[in-house]
Number of protein chains: 2
Amino acid sequence: MPRSKRVTIADIARQAGVSPGAVSFALNGRPGVSEETRQRILAIADQHDWRPSSTARALVGARAGVIGFAVNRPARTLGTEAFFTDFIAGVQSSLATQRVGLQLVVVPTLEEELETYRRWRRANQVDGVLVLDPRVDDPRPGLLRSLGLPSITIGGQPSQGGEHATLWLDDSAAADTVFGYLAGLGHRRIVYVSGAAAHEHVRLRRGVLEGLSARGVHGEVFETDYSPNRVTAVMRALLSRAELPTAVVFDNDMMALAGLRVTQEMGVRVPAELSLASFDDSIVTGLVHPSITCLTRDTFLLGEHAADFLLEQLNAPEVLPDRRGPVPTLTVRESTGRVPS
Amino acid sequence: MPRSKRVTIADIARQAGVSPGAVSFALNGRPGVSEETRQRILAIADQHDWRPSSTARALVGARAGVIGFAVNRPARTLGTEAFFTDFIAGVQSSLATQRVGLQLVVVPTLEEELETYRRWRRANQVDGVLVLDPRVDDPRPGLLRSLGLPSITIGGQPSQGGEHATLWLDDSAAADTVFGYLAGLGHRRIVYVSGAAAHEHVRLRRGVLEGLSARGVHGEVFETDYSPNRVTAVMRALLSRAELPTAVVFDNDMMALAGLRVTQEMGVRVPAELSLASFDDSIVTGLVHPSITCLTRDTFLLGEHAADFLLEQLNAPEVLPDRRGPVPTLTVRESTGRVPS
DNA sequence: GATCGTAACTAAAACGATCTAGTACGGTGA
DNA sequence: TCACCGTACTAGATCGTTTTAGTTACGATC
């Protein structure tokens, strides 16, 4: 098979009658060549359909043309969250236009995540990374800074010091929307079935609910590990009480689904006797009966924004100022209603 | 910040008192160094925590340490299919043990997918690729062959000629399992609500259902575009008939969910009056009420197998023989039962 | 007319591996 | 003694870029 030889900068230089260095200057739009020569070189490169070798570039420490995304989750349960696919698809859709690749890795622990960043840095494999789920005392921004690896943190609150660029999500406003909506419907006994409290957004949401006590709302929080089993257990206990809450809010769609199932098993009518809502939307919430009221976040758009943000950060000498992610909107469906009088 | 210099083969060579070439031989386990020297070099490399530079390796045409996966789907709807996340997670879990990276790209068209392979090849960015959804007259295996890019095709039937390694899925056996199970429960009027007939597995499933006429089963097929809206319309029409079928089978979980919702809206009891089943499982099918009987495919495992297969293929001089993917099993849940007498 | 500055280049050294073509050396057989 | 062989190496080219340190040529300046 006549494997077609790759056309290199040297080939172009030869044909243009200049040195490889000049071609490099021309191709990268930097001074050192006359406008006339530049045009000639560009034309020749175009004619031969030249593409830079990203590996060669990466080797000399220039752009690798790839960004990295390390997902710190148990691999087995990753598929249960539509978030990732949507997010990645959005990231991709933005990167594709710039011909930038995406290297994806699923890591089981934080330590392995850090190790991945170090490895990527050493081999200059990626130009920047997307960091998900900021935590308290997060070691990642610090490491990335010391590695000199540009990054965008997605989620959480604005980073005060401008230490690292953050695409923050206004979780307080989001929680306000949901709990406020329920309070507006007359609900005064609201339960929040949350995921792990280690997550910043869980604490924020909890705070918002507690803040509603001023409006006469009695809030109650049950923490789970996000698993349907835990949610089922919590809900069974909850619905066995003498006095039921009038609304239950879940941290995500799968938890809400598990909750809904318990109401159906135990014969509690939704929304006549109990309203249900979720902080996370997906296609299924509209397909079940009754359909579930959700906070709808455009995760695809979030991915696009994150990628765009990172690409800009790569070209910026300084840490860019924070940006606010797309604001979620409330999608009212069948599972919520006025509190029974 | 004292950016720690990367330790290279040259450093190790210097300390060991040999040439860089010898170190390369030793590290890659090939002849040319004595066992004694090899051990000494290995020890020094280990002591300095040396890691190969994948970019340098890729440049000389050796391994890039990355495999590629181009998903040809509309990016926006990717998130609705849990398949991808599960599959990718499985691939990852296998690659991670070998320290091989995964480059992921979402492409809108077949032509762009082909272009992606060409680009990857040119820059030696990936060592091999995973190819999804084989089609009739698929141009991809041919291109990959001519590019000399190892690949594994996932899905479809065994490749007759051994032209390209295939991890095939036994869709006939799968369809047998589902339809046979329903026939065994006494169902004689079975409806199959399918996706686009362009897909090979749709045709196979249809064939299996039609084959059951020998056992007195009257099968009927409704083709949809996989969208919940179409499924809802089909189900409404179906359940408005004078004589209902006794079982409906859907191509995937979301379609089944949409179908279930219609039965609930129209007051058809499941499974007392109508049994429902799906060819595709996901976490939600167990969370709805009634939970849905599904063919459960271990997509995560499929991803692991695909990655393992590809890694083996990379080391093999020849095209490896086909393998059969994990066989799906029937998960019987609440949505199916004996036909009412 | 010597000096200077600048634009437009060139030459060559990186980057970190792999890989081919040698070479030195000890041993073997005739 | 010499040709020959195999082992254990070394030297140096190679991959395709980027980048630094020169080197021209040419016009402007004093």
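**Two protein chains and two DNA strands in a predicted model**

B:Gln47 lies in helix α3 of chain B, which covers residues 35–47. The model described here is a predicted one. Is B:Gln47 buried or exposed? B:Gln47 counts as exposed because it has 11 C-beta neighbours inside 10 Å, and the limit for an exposed residue is 12 or fewer. Between B:Gln47 and B:Ala96 there are 23 Å from C-alpha to C-alpha, for a separation of 49 residues in sequence.

In chain A, we can turn to a pair of helices. Two packed helices are described by the angle between their axes and the distance between the axes. For helix α1 (residues 9–16) and helix α2 (residues 20–27) of chain A, the axes come within 8 Å and the crossing angle is roughly 105°. This makes α1(A) roughly perpendicular to α2(A), since angles of 65 to 115 degrees fall in that class. From α1(A), the residues A:Ile9, A:Ala10, A:Ile12, A:Ala13 and A:Ala16 take part in the contact, and they meet A:Pro20, A:Ala22, A:Val23 and A:Ser24 of α2(A). Sorted by class, the contact of α1(A) with α2(A) holds eight nonpolar residues, one polar residue and no charged ones.

Chain B also offers a sheet to look at. Six strands form an open sheet in the order β7-β6-β8-β9-β10-β12, and the pairing is mixed. Strands β7 (218–223) and β12 (329–331) of chain B stand at the edges with a single partner strand each, so one side of each has no neighbour in the sheet. From one strand to the next, the twist averages 20°. Within this chain, β8 (residues 247–250) and β9 (residues 275–278) of chain B pair in the parallel sense over four bridges; B:Phe250 has B:Ser278 in β9(B) as its bridge partner. Helix α11 (residues 253–265) of chain B packs on the sheet and touches β6 (189–194), β8, β9 and β10 (293–296) of chain B. The direction of α11 makes about 160° with that of β9(B).

Next comes the meeting of the two chains. How many residues does the contact take from chain B and from chain A? Chain B gives 49 residues and chain A gives 51 residues. On the side of chain B that touches chain A, two or more residues come from each of α4 (54–59), α5 (82–97), β2 (101–107), α6 (110–122) and α11 of chain B. Of these, α5(B) provides the largest share, eight residues. By class, this side of chain B has 24 nonpolar, 16 polar and nine charged residues. Strand β2 (residues 101–107) of chain A is joined to β2(B) by three bridges, and the two run antiparallel. A:Leu102 stands opposite B:Leu104 in β2(B).

Both chains also come near the DNA. Around DNA strand D there are 28 residues, of which A:Ile9, A:Gly21, B:Ser19, B:Gly21 and B:Ser34 are the closest. Two or more residues of the surface near this strand come from each of α1, α2 and α4 (54–59) of chain A and α2 (20–27) of chain B, and α2(A) gives the most, with five residues. That surface has 16 nonpolar, ten polar and two charged residues.

DNA strand C has 26 residues around it, and A:Ser19, A:Gly21, A:Ser34, B:Thr8 and B:Gly21 come nearest. Here α2 of chain A, with α2 and α4 of chain B, each supply at least two residues of the surface. The largest share, four residues, comes from α2(B). By class, the surface near DNA strand C has 14 nonpolar, ten polar and two charged residues.

Notes:
Residues are numbered from 1 along each chain as its sequence is written. Chains are lettered from A and ligands numbered from 1 in the order in which they are written. This is a predicted model: local features need pLDDT of at least 70, side-chain atom pairs count only at pLDDT 80 or more; totals for chains, interfaces and linings use all residues. A residue is buried if 20 or more other C-beta atoms lie within 10 Å of its own, exposed if 12 or fewer, and partly exposed in between; C-beta atoms are placed from the backbone. Axes are lines fitted to C-alpha atoms, for helices over the stretch in contact, and angles run from 0 to 180 degrees between N-to-C directions. Angles under 35 degrees count as roughly parallel, over 145 as roughly antiparallel, 65 to 115 as roughly perpendicular and the rest as oblique. Two residues are in contact if their C-beta atoms, placed from the backbone, lie within 7 Å. Ala, Val, Leu, Ile, Met, Phe, Trp, Tyr, Cys and Pro count as nonpolar, Asp, Glu, Lys and Arg as charged, and the others, Gly among them, as polar. Two strands pair if DSSP finds at least two bridges between them. A residue is near a molecule or strand if its C-beta atom, placed from the backbone, lies within 6 Å of it.
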